[in-house]
Amino acid sequence: MTIWYGGDYNPEQWPREVWDEDVRLMNRGGITLATVGVFSWARLEPRPGEYDFGWLDEVLDLLHANGIRVDLASATASPPPWLAVRHPETLPVTEDGVRLSVGSRQQYCPSSPVYRERARELVTRLVERYAQHPALELWHVNNEYGCHVSRCYCDVSAAAFREWLAAKYGSIDELNRAWGTAFWSQRYDSFEEVMPPRTAPTFRNPTQLLDFDRFSSDELLACYRAEVEVIRARSDVRITTNFMGFFKPVDYWKWAQEVDVVSDDTYPDPADPMSPAYAAMVRDLMRSLGGGAPWLLMEQAPSAVNWRAQNAAKSPGQMRAWSYQSIARGADGVLFFQWRQSAAGSEKFHSGLVPHAGTDTRVWREVEQLGAELGALSERTGDDAIAGTRVPSSVAIALDWDSWWAVEQPASPTTVSYVEVLFAWHRALSSLGLAVDFVRAQDDLSGYRVVVAPAHFVITDAQAANLASFAERGGTLVVGFSSGITDEHLHIRLGGYLGEPLRAALGVWIEEFAPPAAPDLRATGGQAPPPVPLTGELLGDDAFGVVWSEAVRVEDAEILARFGGGALEEWPAVTRRTVGGGRGWYVATLPEHGALRRLVERVVTDAGVDVLPVAASGANVECVRRGRSLFVINHGPDEARIDVDGMDILTGRAAMGLVLPPQGVAIVGS
Ligand code: GAL
Ligand code: ZN
């Protein structure tokens, strides 16, 4: 089975003669899939209703003649300037009332019926023309929905928001109740009075903000659906749209139901030593969004990007090592932005597979090497196959966009970054060699031994009941601080935080938030509060909690660690209740990495989860099992020795006591 290899191909930026060289080099580099047409609307429809497909016919035919499959974009990611000139109302408006202009990209209001109609018109023609093209492998709808414009506050969007609210609440009384508008004289007399949360004198209504987040994600999804409907009516080819990892504005749980294959764009910073660990979490999310099915790494950079304050180049071997990380965690393809580095435009300093300097370059040599390796791996079949196989996981983290949106709202108790908290848990678990799935708290959790719910700030009755029953039925549930605070309308669960039935399952409730004393966070620009010492054998010596602490009231649980200083000195920090066959842990702070790692090791071994022995090889060595193979990747600056037996599939050599150089990779067969 093929492990796809390729990237965004933008031949419209180059004269015709370059295209021949492109396909020749693609063959040399082992390229099997090209994403074509992502930003070519203005070229395909130079004037309203006048289409020019001749050049695209030629591109697709050329790729096909050279054995390269095509991921054909719907080309709607950036409308041509003429749309804005003729329909200025299609341009999006910021919360401050600024109308964005043309001359960049993605300048459309997601709710605009004019944009949606013109997009559907273009897609109809594309699909009619290319549905039967022999090169077609995949449809690529739009591009990175919401990347630059995820929320629009214009009058068209305001009307769409009102409709969305009317459909959700039925009556204005229901909206008033849900939004708690008795507060600050916010009562609405009719839906006509309701606005998007535009810039206002001070704190805006929290439930209005949350509903606008939900609405905005849904509006982008409606744009996606409008195109998909056109494609499905005329083509059986699979459809994707590229996600962006942990992208706050868009609830990917909803989207994932509607793509045939999950695909993702990831640009970890080569200068940040935490990048491999963070990227591991992103890859685990992508696998989880597709229910464990193989996904595609749709975009990554061959070397540097052009949009950070400092754009570090990837070090030798790093592109390869990070590519294998994706494959280890379930990807069946590694693609890049972009094929040929642009000569003009605002991305000309973004690396490409074919660099400005050409093929006598480190980047190109690495491209060829990886292409050859993936070609060989693609030949493997049956029990030896890599592509198409699954990544086993018995541990999951609950991820909830409502909680993410809510916990980071202004006027909230914490200044916690939701994803940072998830990352801390993920990093601790994956350092044990565990692939970690992401789940929703309302999902069927019976396939897992351990489920961690960190900062699940918003919790529905159904979610709380499902988590509690997971523990009651023999699972190990770990709930982290700032969970179970509100219902789905952001109304507090009164009578002690956590609320029933989590309180019963965990045997604790939360009396008060008591964040570690800190200088005024707003004044210091969010400077982190000081760590609080934690005591208890479980967490080891010198354990500290960071970010948060809470006054935990124990009803029926063991106390395994306590706060060792600060306002909560001697109060419980980590508790555990044995319920039926299961366990319910509560963790009232964020133990720093070493302590958290000890904690999760105890949690998972108690739960009977096997920890990979090779995971002890050091902090920079990543170990992941996929199918029958063990992927070992050395992200560190030094040579690493790993105690593992078997055959390294990449070198064909026995791997008795593996030695990996920096950025080295081995795939050890069983
Ligand atoms: C992505 C985008 C690409 C390109 C790339 C540069 O967000 O989809 O078109 O701009 O970033 O890193
Ligand atoms: Zn709008």
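**Exercise 1. Characterise the largest cavity: state which residues line the cavity and how the lining divides by residue class.**

*Solution.* The largest cavity in this predicted model has a volume of about 50 Å³. The structure as a whole holds 5 cavities of 30 Å³ or more. To find the lining, list the residues around the largest cavity: Phe39, Ala77, Arg105, Gln106, Asn143, Glu144, Cys147 and His148. Next, assign each residue of the lining to a class. Phe, Ala and Cys count as nonpolar, Arg and Glu as charged, and the others as polar. The lining of the largest cavity therefore divides into 3 nonpolar, 3 polar and 2 charged residues.

**Exercise 2. Determine which atoms coordinate the zinc ion (ligand 2) and what arrangement the donor atoms form.**

*Solution.* Begin with the donors. The zinc ion (ligand 2) is bound by Cys109 through SG, Cys152 through SG, Cys154 through SG and Ser157 through OG, at 2.2 to 2.3 Å. Then consider the angles. Four donors count as tetrahedral if all angles lie between 85 and 135 degrees. Around the zinc ion (ligand 2), the 4 donor atoms subtend angles of 95 to 118°, and the arrangement is therefore tetrahedral.

The sequence comes next. The donor residues follow the spacing C-x42-C-x1-C-x2-S. Cys109 belongs to the loop between helix H4 (81-86) and helix H5 (113-130), whereas Ser157 belongs to helix H6 (residues 155-169); the pair, 48 residues apart, links distant parts of the chain.

Finally, examine accessibility. Buried means under 20% relative accessible area. Cys109, at 0%, is therefore buried, and Ser157, at 1%, is buried as well.

**Exercise 3. For the salt bridges Arg28 with Glu368, Arg234 with Glu128 and Glu373 with Arg320, locate the partners and classify their accessibility.**

*Solution.* The count for the structure comes to 48 salt bridges; three are treated here in turn.

1. Arg28 and Glu368 meet through their side chains at 2.8 Å, N to O. Arg28 sits in helix H1 (residues 16-29) and Glu368 in helix H12, 340 residues apart, and the pair links distant parts of the chain. Arg28 has a relative accessibility of 46% and is partly exposed; Glu368, at 24%, is also partly exposed.

2. Arg234 and Glu128 meet at 3.6 Å, N to O. Arg234 lies in the loop between helix H8 (206-232) and strand S5 (238-240), and Glu128 in helix H5, so this salt bridge ties together parts that are 106 residues apart in sequence. Arg234 counts as partly exposed at 36%, while Glu128 counts as exposed at 53%.

3. In the salt bridge of Glu373 with Arg320, the closest N and O atoms are 3.0 Å apart. Glu373 is in helix H12 and Arg320 in helix H11 (residues 318-328), so the pair joins parts that are 53 residues apart in sequence. Glu373 is buried, with a relative accessibility of 15%, and Arg320 is buried at 13%.

A network completes the solution: salt bridges that share partners join Asp284, Arg287, Arg329, Asp437 and Glu622.

**Exercise 4. Describe the position of Thr381 in the chain, its accessibility and its separation from Thr2.**

*Solution.* First, place the residue: Thr381 is in the loop between helix H12 (362-378) and strand S10 (395-398). Second, classify Thr381: exposed means over 50% relative accessible area, and Thr381, with 56%, is therefore exposed. Third, set sequence against space: Thr381 and Thr2 are 379 residues apart along the chain, and their C-alpha atoms are separated by 9.9 Å.

Conventions: Residues numbered from 1 in each chain as written. Chains lettered and ligands numbered in written order. Predicted model: local features only at pLDDT ≥ 70, side-chain atom pairs only at ≥ 80, totals over all residues. Heavy atoms only, no water. Donors = N, O, S within 2.8 Å, 3.2 Å for Na, K, Ca; no water. Tetrahedral: all angles 85-135°; square planar, octahedral: opposite > 155°, others 65-115°. Helix = DSSP H or I, 4+ residues; strand = E, 2+ residues; numbered from the N terminus. Buried < 20%, exposed > 50% of the residue type's maximum accessible area, 1.4 Å probe, protein only. 1 Å grid on protein atoms, 1.4 Å probe; cavity = no way out; pocket = protein on both sides within 12 Å on 5 of 7 lines; lining within 4 Å. Points joined across faces, edges and corners; volume = space filled by probe spheres on them. Salt bridge = Lys/Arg side-chain N within 4 Å of Asp/Glu carboxyl O.
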